[in-house]
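User: Could we go through this structure together? I would like to begin with the overall layout and then look at details.

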Amino acid sequence: MTRNLTGGWPGLSGLRVLDLSRLLPGGFATSMMADLGADVVKVEDPHRGDYGRLVDPDAFAALNRNKRSVVLDLRTEEGRADLLRLVGDSDVVVESHRPGVLAASGLGYDRMRAANPRIVLCSITGYGQTGPYAQRPGHDLNFLALSGFFAVPHRTTGRADRVGVRVADLAGAMYAAYATVVAAFAARDTGEGQHLDVSLHEAAAAWCGPFALPLLERAEPVDSPLVTGDNDVFTVADGRRIALATFEDKFWVTFRRALAPHFPALDDDSYDRRPARTRAKHEVAKLLADVFAQRDFAWWTSVLSGLDIPWAPVYESAEELLTDPHTAERDLVGTLPGSAADRPRRQVRFPVRFGAGLDSLRAAAPAHGEHTAEVLARPGEPSGGR
């Protein structure tokens, strides 16, 4: 079934993706493809489906918009045969089982390739298909712990903090989506598919490596020139926070000169050059912490709004994101249509504006097995679905 839903241009229309994954990494990878027009068919267990449906329905809705759902019991011969028949008509299979699980059930890459030599199988795992950690269970925090994420200091004091966003899962998903589309289009030219081995740990390490590896030459990681006292989050008098990033000299000088009449400690040109500020990063950090603590959030936002420097209020609620004027003008957050079984939800659109247009908030996440009859229908047979 051809589904060109990107607007007036083809996008990934004609690319058929079978999504056997669960939860975040595979779901996010295939959601990017679905947003761009690929026909993503989510293959779910008939008994409970993706347990993301139960864990966090809002996250599930965001990760599975624009997809179709089919239920197949891959523990049965009939279910496996149906899947292989779908593989024969597809370009890509994305899965997130531990290494060897699909092969043990008779659905490994060799079996899929026999059904379709052009098939690209993208396997997303924590640690890859080989190596001493290959069979370990894991989640985002474990992958980050081993990736070098916590080796990269981000301020002059204290250890690196964990962030709430699942960095390793999302990094791996983005590499998976990118590599899968490249491999699928190469297969159309060569007639040969391939098996992609995506490790979430390695994806996180790829993001951390440019910042972690240079620290091998430093006795103290905080001595990195990328750690500065004037690139941080500062707490103001009423407890709110401001992000300041005056990395370049021109921004520091503009900030210092504009604020010096209010704060005499800033009436000093000793730190006007980047090397001087970097050498004195601890002193600069303390100076700024003391300065920001003397006025409240309203005062700071009023003053800083008039300066051409890199700063931002720190949003610590979803409501602040939604009411930000730039977010509103850019239509960054829209409303995904509801389904017969569920309500409409606000979601962030695909974060690239295509000149040819793209409506990424097209269709709600499918109900469990909603498109089974439609997807499994053979030519000439009636099918249900939307």
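Analyst: The turns below cover domains, sheets, helices, aromatic pairs and two single residues. Please note that this is a predicted model.

User: Which domains does the assignment give for the protein chain?

Analyst: The assignment gives domain 1, made of 16-211 + 341-376, and domain 2, which covers 241-313. Taken over C-alpha atoms, the centres of domain 1 and domain 2 are separated by 43 Å.

User: What is the strand order in the sheet of 6 strands?

Analyst: The order is E3-E2-E1-E4-E5-E6; the sheet is open and the pairing is parallel. Its edge strands are E3 (67-71) and E6 (194-199), each of which pairs on one side only. From one strand to the next, the twist averages 20°.

User: How many bridges join E5 and E6?

Analyst: E5 and E6 pair in the parallel sense over 6 bridges. Cys122 stands opposite Leu196 in E6. Helix H9 (residues 200-212) packs on this sheet, where it touches E5 and E6, and its direction makes about 65° with that of E6.

User: Turning to H4, which of its residues are buried?

Analyst: Gly79, Arg80, Asp82, Leu83, Leu84, Leu86 and Val87 are buried in H4. The elements that cover them include strands E1 (16-19), E2 (39-44) and E4 (92-95), together with helices H6 (109-115) and H16 (372-376).

User: And what span does H4 reach?

Analyst: H4 (residues 77-88) has 12 residues and reaches 17 Å from its first C-alpha to its last. That is close to the 16 Å expected at 1.5 Å a residue.

User: Now the other sheet, please. How are the 3 strands ordered?

Analyst: They form an open sheet in the order E7-E8-E9, with antiparallel pairing. E7 (231-235) and E9 (311-313) are the edge strands, and each pairs on one side only. The twist here averages 20° from one strand to the next. E7 and E8 (residues 241-245) pair over 5 bridges in the antiparallel sense, and Val233 stands opposite Ala243 in E8.

User: Which helices lie across those strands?

Analyst: Helix H12 (residues 281-292) lies across E7 and E8 and runs at about 35° to E7. Helix H13 (residues 297-304) lies across E8 and E9, running at about 30° to E8.

User: A change of topic: how many aromatic pairs are there?

Analyst: The count comes to 12 aromatic pairs. One of them joins Tyr127 and Phe143, whose ring centres are 5.3 Å apart. Their planes stand at 80°, over the 60 degrees that edge-to-face requires, so the pair counts as edge-to-face. This pair links distant parts of the chain, 16 residues apart: Tyr127 is in the loop between strand E5 (120-125) and helix H7 (140-147), and Phe143 is in helix H7.

User: Are Tyr127 and Phe143 buried or exposed?

Analyst: Tyr127 counts as buried because its relative accessibility is 7%, under the cut-off of 20%. Phe143 is buried as well, with a relative accessible area of 3%.

User: What about Phe350 and Phe354?

Analyst: Phe350 and Phe354 form a tilted pair, at 6.2 Å centre to centre and 35° between the planes. Phe350 counts as buried at 12% relative accessibility, whereas Phe354, at 30%, counts as partly exposed.

User: Which residues do ring pairs link into a cluster?

Analyst: The cluster holds Phe234, Trp252, Phe255, Phe263, Phe292, Trp299 and Trp300.

User: Finally, two single residues. Where is Thr246, and what does it touch?

Analyst: Thr246 is in the loop between E8 and helix H10 (249-259). It counts as buried because its relative accessibility is 0%. Leaving aside residues up to four places away in sequence, Thr246 touches Asp230, Phe251, Trp252, Phe255, Arg274 and Arg277. Among these, Trp252 and Phe255 are also in the aromatic cluster.

User: And where is Ala38?

Analyst: Ala38 is in the loop between helix H1 (23-35) and E2, and at 5% relative accessibility it counts as buried. Beyond residues up to four places away in sequence, Ala38 touches Leu12, Leu15, Val17 and Met33. The C-alpha atoms of Ala38 and Val17 are separated by 7.0 Å, although the two are 21 residues apart along the chain.

How values were computed: Residues are numbered from 1 along each chain as its sequence is written. This is a predicted model: local features need pLDDT of at least 70, side-chain atom pairs count only at pLDDT 80 or more; totals for chains, interfaces and linings use all residues. Side-chain values use heavy atoms; hydrogens and water are left out. Two strands pair if DSSP finds at least two bridges between them. Helices (H or I, at least four residues) and strands (E, at least two) are DSSP runs, numbered from the N terminus. Axes are lines fitted to C-alpha atoms, for helices over the stretch in contact, and angles run from 0 to 180 degrees between N-to-C directions. Contact means heavy atoms within 4.5 Å. Domain bounds come from an automatic or database domain assignment. The expected span of a helix is 1.5 Å times one less than its number of residues. Buried means under 20% relative accessible area, exposed over 50%, partly exposed in between (1.4 Å probe, protein chains only). Rings of Phe, Tyr and Trp (its six-membered ring) pair if their centres lie within 6.5 Å; planes under 30 degrees apart count as stacked, over 60 as edge-to-face and the rest as tilted.
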